[in-house]
Amino acid sequence: MKNKKISSIIVILTVIFTALIAISVSGCSIYKLNLPKLENIKSISIEQNANELVIDSGDEMENLLSLLNGNGRTTKTASVQDAPVNADKVLKVNFNFVETGVSTLFVYQKNGRYYIEQPYNGIFQISADDYIGIEGIIS
């Protein structure tokens with residue numbers, strides 16, 4: 001009888017322990033790059049240093065959105081600030097909406113790698129080719 005109770009307690013504790021581990025592992029958030037739909041954008045402005053380019057052509061905006069989105073970017077790295085820190089070659093991309101408002105993200109180089117950072121969402125690593133393609137729009 002005592003052995004049965006001890007076995008039951010061990011089984012219950014094992015189930016609880018396994019459930020806690022599963023919850024802690026699944027708690028890792030996945031962040032998805034959230035880009036606006038083309039029909040909601042009036043224009044896109046890209047700033048780098050003192051240069052600014054405003055894009056209001058549907059084809060050019062669609063091309064930029066495609067470059068930014070890639071194959072649907074996801075990451076586990078959260079962005080917890082308004083702008084990147086200690087980054088080089090920063091491009092600030094503002095989406096100016098048809099209704100009202102602006103949404104901002106940053107494309108930059110840091111420590112030889114390239115990123116898109118959407119403030120308070122995620123930091124997404126991109127290829128050098130993607131960065132060069134996006135930077136080429138403003139050049």
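Biologist: What makes the contact between the side chains of Asp 130 and Arg 73 a salt bridge?

Modeller: The two side chains meet at 3.0 Å, N to O. A salt bridge is a side-chain nitrogen of Lys or Arg within 4 Å of a carboxyl oxygen of Asp or Glu, so this pair qualifies. The model is a predicted one, in which local features need pLDDT of at least 70 and side-chain atom pairs count only at pLDDT 80 or more, while totals for chains, interfaces and linings use all residues. Residues are numbered from 1 along each chain as its sequence is written, and side-chain values use heavy atoms, with hydrogens and water left out.

Biologist: How many salt bridges does the structure hold?

Modeller: It holds one. The pair links distant parts of the chain, 57 residues apart: Asp 130 is in helix α3, and Arg 73 is in the loop between α2 and β4. Helices (H or I, at least four residues) and strands (E, at least two) are DSSP runs, numbered from the N terminus.

Biologist: Why is Arg 73 called buried?

Modeller: Arg 73 has 11% relative accessibility. Buried means under 20% relative accessible area, exposed means over 50%, and partly exposed is in between, with a 1.4 Å probe and protein chains only. The value for Arg 73 is under the first cut-off, so Arg 73 counts as buried.

Biologist: Why is its partner Asp 130 called partly exposed?

Modeller: The relative accessible area of Asp 130 is 21%. That value falls between the two cut-offs, so Asp 130 is partly exposed. Asp 130 also has a stated distance to Leu 35: the two are 95 residues apart in sequence and 16 Å apart in space, C-alpha to C-alpha.

Biologist: What makes a set of residues a nonpolar core?

Modeller: A nonpolar core is a set of buried Ala, Val, Leu, Ile, Met, Phe, Trp, Tyr and Cys residues joined through side-chain atoms within 4.5 Å. The largest one here has 21 residues, and Leu 68, Val 93 and Val 107 touch the most other members. At least two residues each come from β2 (41-48), α2, β5 (88-97), β6 (102-110), β7 (113-118), β8 (122-126) and α3 (128-138). The largest share, four residues, is supplied by α2. In soluble globular proteins, nonpolar side chains tend to be buried together.

Biologist: What makes Asp 56, Asp 59, Glu 60 and Glu 62 a negative surface patch?

Modeller: Patches are made of residues with over 30% relative accessible area and no salt bridge; like charges are joined within 9 Å, and nonpolar side chains (Val, Leu, Ile, Met, Phe, Trp, Tyr) within 5 Å. Lys and Arg count as positive and Asp and Glu as negative, while His and the chain ends are not counted. The place of a charge is taken as NZ of Lys, CZ of Arg, CG of Asp or CD of Glu. The four residues are Asp and Glu, so the patch they form is negative.

Biologist: How do you know that Asp 59 is exposed?

Modeller: Asp 59 has a relative accessible area of 62%. This is over 50%, so Asp 59 is exposed. Asp 59 is found in helix α2, residues 58-69.

Biologist: Which residues make the nonpolar surface patch?

Modeller: Ile 9, Ile 12, Leu 13 and Ile 16 make a patch of about 380 Å². Accessible areas come from the Shrake-Rupley method with a 1.4 Å probe, and for residues only the protein chains shown count as cover. Ile 12 is found in helix α1, residues 2-26.

Biologist: Why is Ser 8 called partly exposed?

Modeller: Ser 8, in helix α1, has a relative accessible area of 38%, which lies between the cut-offs, so Ser 8 is partly exposed. The C-alpha atoms of Ser 8 and Thr 74 are separated by 43 Å, with their positions 66 residues apart along the chain.

Biologist: What is stated about the phi of Asn 111?

Modeller: The phi of Asn 111 is positive, about 55°, although Asn 111 is not a glycine. Asn 111 is in the loop between β6 and β7. At 72% relative accessibility, Asn 111 is over the 50% cut-off and therefore counts as exposed.

Biologist: Why is Tyr 120 called exposed?

Modeller: Its relative accessible area is 53%, over the 50% cut-off, so Tyr 120 is exposed. Tyr 120 is found in the loop between β7 and β8. Tyr 120 has a positive phi of about 60° and is not a glycine.
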